[in-house]
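Here are a few exercises to work through with the model open beside you. Try each task before you read its solution.

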Amino acid sequence: MSVSVVWLTFFVLSVFVGIEVISKVSSTLHTPLMSGANAIHGIILLGAVLVTGTTDNTFALIVGLIAIVLASVNMVGGFVVTDRMLQMFVRKKPKADAATQTPGDTK
Amino acid sequence: MIAPTWVQLVFLACGVCFILALKGLSGPKTARNGNLIGAAGAVIAVAVPFFYKPDGVDHLHHVPLILAAIAIGTAGGVYGARKVQMTQMPQMVALFNGVGGGAAALVALLELHEHGDLFDWFPLAATAFTIVVGSVSFAGSVITFAKLQELMTSRPVVFPGLPVIFGGSFIAAAVLSVMLVNQPHLWIGVVLALLGLVVGVLLVMPVGGADVPIVISLLNAFTGLTVAAGGYVLSNTVLLIGGTLVGASGTFLTLLMANAMGRSVANILFGALKGGSTLGGGEASDRPVKSAGPEDVAIMLNYAERIIIVPGYGLAVAQAQHSLRELVDVLSERGAKVDYAIHPVAGRMPGHMNVLLAEAQVPYEQLKEMDEINGDFKDADVVLVVGANDVVNPAAKTTPGAPIYGMPILNADEAKQVVFLKRSMRPGFAGIENELLFEPNTTLLFGDAKDTMSKLLNAVKAL
């Protein structure tokens, strides 16, 4: 049994799951969904940490640290900006919640 | 190469977090929790390598430097995410996506440098893929950022020979990838990265401003796939699962968005290369139009029973959404039925306008989606178009060859009266003239949207 086939299995199943879980999204949520998915691929940070932490070559270390900075911007910034967007959708009962929201806080 | 069992189990849990995150993000009630679950999964996954021995070393090296780099990136990301204006959200997402793609390409280059000579052909092919597509995503995202931020023209940029250079770079990248699989030299990887940058720039240059959001979504899916390929190269399940989920859902989302605009993805990417859109002149016209002052429009609104507001990006840029909501409140109190007609791509991205109006605390039930309200335009006494243009341009229905031809539009042209609040006669984001502006039942109210809106509000209150 080839290890590659195991990886292929993960890949194919993930493709189907990825399509299935978002298939019923309304157009209102397209922007936050894109932004949230964008944050998830920031997980490349894990890869950057592993590669950087196992090298002893100075040049590779520098490149690795750059990759870590870029990946952390992607991951952390992505989740924070998505959360900021979604705060504005959490108002199913407009009047009641509008009153509790501090004005100017969202700008 | 295989991590201990407990690490594998933690990674499995993180993969499940990502699935739950995407599931949550696709429903309005669960979206915020979904995002938080995804963030938790990502943070846990990144913390794991600090607590076990990754392959080949007795402990993780350079920990202080790594933590410092994470701190710098985190500070930058949080600062950007907090400070960005809601109107600039699309370019922020583009930028975050670009740096992610760049990081993936760098990780693949490093892995090639460190372990390339031990790799079989398939991991090497995955490495080549990650380097090229990661660079495409990085360069493409930077160009989309520049277009949306108006650092460069938002109109399609095409020059003779572009298809040849594009095709040439693409073929060169394919040939070099095959070379890399045969001889894992670092220099081939570096050249591949440079070619990827060229392809990324050339891919996005010919795309018109209005289509840029679709391209952001597509590049987002690309980055997802590169992260998945990177996960295979590093034998890391959570990268593979997370990346693949984003790649698949991102591709699907891109198709959904393109459908909402009535365009095919191929047409968006390569339409301008065919030179079909001769109408995109981008020049302001000097044809006669009917303009009026705020007082005239106030009277028109005051005696209307059915009013539909068509908000656009210009409204948000001028920060006029608060005065607009106040105006609508006054008109509603006086008995008019007022709704907002939200085009699927109003703003700069699907759903962007809903975010902007929610920020101004417009009640959710006044926001009507296009299909819901398009039948009502023929009964509307006044349609007030604020800072929008392309989404009511009849050229989308009548003029084959126009860049927006085929895009579903709001039927504002069927209303009894149409009022445009505009800064100038400059065409919209797609760069084409709007025939509706010259119709006899159209009135133009020139000026900065915020300024005009408060004058209009005062004039209505005074009646």
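**Exercise 1. Describe the secondary structure of chain A, then set chain B beside it.**

Chain A has five helices and zero strands, where helices (H or I, at least four residues) and strands (E, at least two) are DSSP runs numbered from the N terminus. Along the sequence, the pattern of chain A reads α-α-α-α-α. For chain B the tally is 17 helices and six strands.

Before you go on, a word on conventions: this is a predicted model, in which local features need pLDDT of at least 70 and side-chain atom pairs count only at pLDDT 80 or more, while totals for chains, interfaces and linings use all residues. Residues are numbered from 1 along each chain as its sequence is written, and chains are lettered from A and ligands numbered from 1 in the order in which they are written.

**Exercise 2. Work out how much of each chain is buried, and how its contacts are spread along the sequence.**

Step 1: apply the burial rule. A residue is buried if 20 or more other C-beta atoms lie within 10 Å of its own, exposed if 12 or fewer, and partly exposed in between, with C-beta atoms placed from the backbone. Buried residues make up 53% of the 107 residues in chain A; in chain B, 55% of the 463 residues count as buried.

Step 2: look at the contacts, meaning pairs of residues whose C-beta atoms, placed from the backbone, lie within 7 Å. Take those between residues at least 6 apart in sequence: in chain A, 55% of them join residues at least 24 apart. The corresponding share in chain B is 79%.

Step 3: add the dimensions. The C-alpha trace of chain B spans about 80 × 50 × 35 Å along its principal axes.

**Exercise 3. Which elements of chain A touch chain B, and which gives the most residues?**

Start with the totals: 76 residues of chain A are in contact with 95 residues of chain B. On the chain A side, the elements giving two or more residues are H1 (3-21), H2 (30-40), H3 (44-53), H4 (58-87) and H5 (94-100). H4(A) gives the most, with 26 residues.

Now sort that side by residue type. Ala, Val, Leu, Ile, Met, Phe, Trp, Tyr, Cys and Pro count as nonpolar, Asp, Glu, Lys and Arg as charged, and the others, Gly among them, as polar. The side of chain A that touches chain B then divides into 47 nonpolar, 24 polar and five charged residues.

**Exercise 4. Characterise the packing of H6(B) against H7(B).**

Two packed helices are described by the angle between their axes and the distance between the axes. Helix H6 (residues 162-182) and helix H7 (residues 186-204) of chain B meet at an angle of about 155 degrees, and their axes are 9 Å apart. That makes H6(B) roughly antiparallel to H7(B), since angles over 145 degrees count as roughly antiparallel, under 35 as roughly parallel, 65 to 115 as roughly perpendicular and the rest as oblique.

Next, list the contact residues. H6(B) contributes residues including Leu162(B), Phe166(B), Ala173(B) and Leu180(B), and H7(B) residues including Ile188(B), Leu195(B) and Leu202(B). By type, the residues of this contact are 16 nonpolar, four polar and no charged.

**Exercise 5. Compare the spans of H8(B) and H9(B) with expectation, and check their burial.**

The expected span of a helix is 1.5 Å times one less than its number of residues. H8(B) (residues 212-233) has 22 residues and reaches 31 Å between its first and last C-alpha, close to the 32 Å expected. For the 24 residues of H9(B) (residues 237-260), 34 Å is expected and the end C-alpha atoms are 34 Å apart, which agrees.

As for burial, 22 of the 22 residues of H8(B) are buried. In H9(B), 19 of the 24 residues are buried, so this helix is largely enclosed by the rest of the structure.

Finally, look just past each helix. Ser235(B), just after H8(B), takes a positive phi of about 50 degrees, and Gly262(B), just after H9(B), has a positive phi of about 70 degrees.

**Exercise 6. Are Glu150(B) and Gln361(B) buried or exposed?**

Glu150(B) has a positive phi of about 60 degrees although it is not a glycine, and is found in the loop between H5 (121-148) and H6 of chain B. With 10 other C-beta atoms within 10 Å, Glu150(B) is exposed.

Gln361(B), also not a glycine, has a positive phi near 60 degrees. Gln361(B) lies in the loop between H14 (352-359) and strand S3 (367-369) of chain B; with 20 other C-beta atoms within 10 Å, Gln361(B) is buried.

Notes. Axes are lines fitted to C-alpha atoms, for helices over the stretch in contact, and angles run from 0 to 180 degrees between N-to-C directions. Two residues are in contact if their C-beta atoms, placed from the backbone, lie within 7 Å.
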